[in-house]
Amino acid sequence: MLLSRLAFISTTIMSSTSSCFQFLFPQHNVITQQQQRQPPLIAAYHEPPPHDDNNPYDDDYANNPSAFGRILNGELPSRTYLESTELLAFQDRSPKAPFHALVIPKRYVKTVYSLRGNSHHSDDECNGESEDNDDIHLIQNMRQMGLNLLEQQQPEALATEDYILCFHIPPFNSVDHLHLHVLAPASEMKWVYREIKYKCGARWCTSDLEVIERLKDGLPAVRYKRHADAKFDSVYLNFAWIKCCGSRNE
């Protein structure tokens with residue numbers, strides 16, 4: 001008799017989608033709503049930017065060996081949020097926040113180390129001009145697209161500045177094609193991602209604003225030398241990861 005009653009209770013809870021027990025499982029509704037807001041997963045060719053002989057970055061997708069080059073060329077699918085003549089924004093394949101998108105240039109800019117500051121434009125300096133160069137405009141436009149995404153997808157996080165915009169610094173980047181991470185709300189991210197992996201100011205991560213300011217000052221985009229000691233950096237990152245994660249449950 002007892003087993004029969006337990007079986008009846010279990011069947012009632014699991015089978016009734018409109019029962020009074022549904023409030024015990026709110027995460028199901030949250031996940032469904034998040035999935036409904038996702039763009040469709042589609043493989044589509046994205047029109048490249050107009051060719052410019054003065055632009056040092058390649059606009060031919062065939063010369064882009066990265067996974068993002070294959071997305072741009074329509075060989076791999078993505079969930080596209082926004083697109084412009086120069087940029088593409090799509091969902092990260094492994095989101096680390098309720099909203100996690102990537103903004104990439106359509107031209108093949110390999111990493112933050114590829115970016116050049118104002119000091120490389122000596123002609124402007126000689127003429128007494130101080131206009132920002134194309135690389136600065138690129139990062140500014142990437143930032144603006146990131147903010148536009150937040151306005152559309154996470155307006156409350158944008159209003160309260162509860163978001164992260166960042167670049168990973170080689171050798172800690174996952175894809176050799178420049179990409180801006182857009183994450184929100186930051187307060188809802190797991191601690192290990194908010195305070196370690198996407199922590200601006202760490203050896204492996206820098207903010208978009210810092211990159212812009214450094215380029216404007218004629219400095220390299222990041223303060224660290226290019227692959228000065230990649231082996232040491234990797235060991236250091238693993239040590240920091242283990243040390244920090246070991247004292248946390250998430």
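**Exercise 1. How many bridges join β3 to β5, and in which sense do the two strands run?**

Solution. The structure is a predicted model, in which local features need pLDDT of at least 70, side-chain atom pairs count only at pLDDT 80 or more, and totals for chains, interfaces and linings use all residues. Residues are numbered from 1 along each chain as its sequence is written, and side-chain values use heavy atoms, with hydrogens and water left out.

Step 1. Strands are DSSP runs of E with at least two residues, helices are runs of H or I with at least four, and both are numbered from the N terminus. Two strands pair if DSSP finds at least two bridges between them.

Step 2. β3 and β5 are antiparallel and are joined by 5 bridges. Within this part of the sheet, His-100 stands opposite Leu-183 in β5.

**Exercise 2. Place the strands in the sheet and find its edges.**

Solution. Step 1. The protein has 9 helices and 6 strands. The 6 strands form an open sheet with antiparallel pairing, in the order β1-β2-β3-β5-β4-β6.

Step 2. The edge positions belong to β1 (80-83) and β6 (205-207); each has a single partner strand, so one side of each is left without a neighbour in the sheet. From one strand to the next, the twist averages 25°; such angles run from 0 to 180 degrees between N-to-C directions, with axes as lines fitted to C-alpha atoms, for helices over the stretch in contact.

Step 3. Check the remaining pairs. β1 and β2 run antiparallel with 3 bridges, and a hairpin of 3 residues connects them. Glu-83 has Leu-88 in β2 as its bridge partner. β2 and β3 pair over 5 bridges, again antiparallel, with Ala-89 opposite Val-103 in β3. Between β4 and β5, also antiparallel, there are 3 bridges; here Ile-164 stands opposite Leu-183 in β5.

**Exercise 3. Work out what covers the sheet, and how far β3 is buried.**

Solution. Step 1. Helix α5 (residues 134-153) packs on the sheet and touches β1, β2 (87-91), β3 (99-105), β4 and β5; its direction makes about 150° with that of β3. Contact here means heavy atoms within 4.5 Å. Helix α8 (residues 208-216) lies across β4, β5 and β6, at about 75° to β6.

Step 2. Buried means under 20% relative accessible area, exposed over 50%, and partly exposed in between, with a 1.4 Å probe and protein chains only. In β3, 7 of its 7 residues are buried. Phe-99, Ala-101, Val-103 and Pro-105 are buried on one side, and His-100, Leu-102 and Ile-104 on the other.

Step 3. α5 has 20 residues and reaches 28 Å from its first C-alpha to its last, close to the 28 Å expected at 1.5 Å a residue; the expected span is 1.5 Å times one less than the number of residues. Its buried residues include Asp-135, Arg-143 and Gln-153. At the start of α5, a side-chain oxygen of Asn-133 comes within 3.0 Å of the backbone nitrogen of Asp-135.

**Exercise 4. Describe the surroundings of His-177.**

Solution. Step 1. His-177 sits in the loop between β4 (164-168) and β5 (180-184). With a relative accessible area of 0%, His-177 is buried.

Step 2. The side chains of His-177 and Asn-64 make a polar contact of 2.9 Å. A polar contact is a pair of N or O atoms within 3.5 Å; within protein, one must be able to donate a hydrogen and the other to accept it, and residues adjacent in sequence count only if both atoms are side-chain atoms.

Step 3. Leaving out residues up to four places away in sequence, His-177 touches, among others, Ser-66, Phe-68, Leu-72, Ile-104 and Tyr-108.

**Exercise 5. Locate the unusual backbone features in the loops.**

Solution. Step 1. Pro-170 and Pro-171 are joined by a cis peptide bond, with omega about 10°; Pro-171 is in the loop between β4 and β5.

Step 2. Another cis peptide bond joins Ala-184 and Pro-185, with omega about -15°. Pro-185 lies in the loop between β5 and α7 (191-197).

Step 3. Glu-161 is not a glycine, yet has a positive phi of about 55°. Glu-161 is in the loop between α6 and β4, and at 63% relative accessibility counts as exposed.
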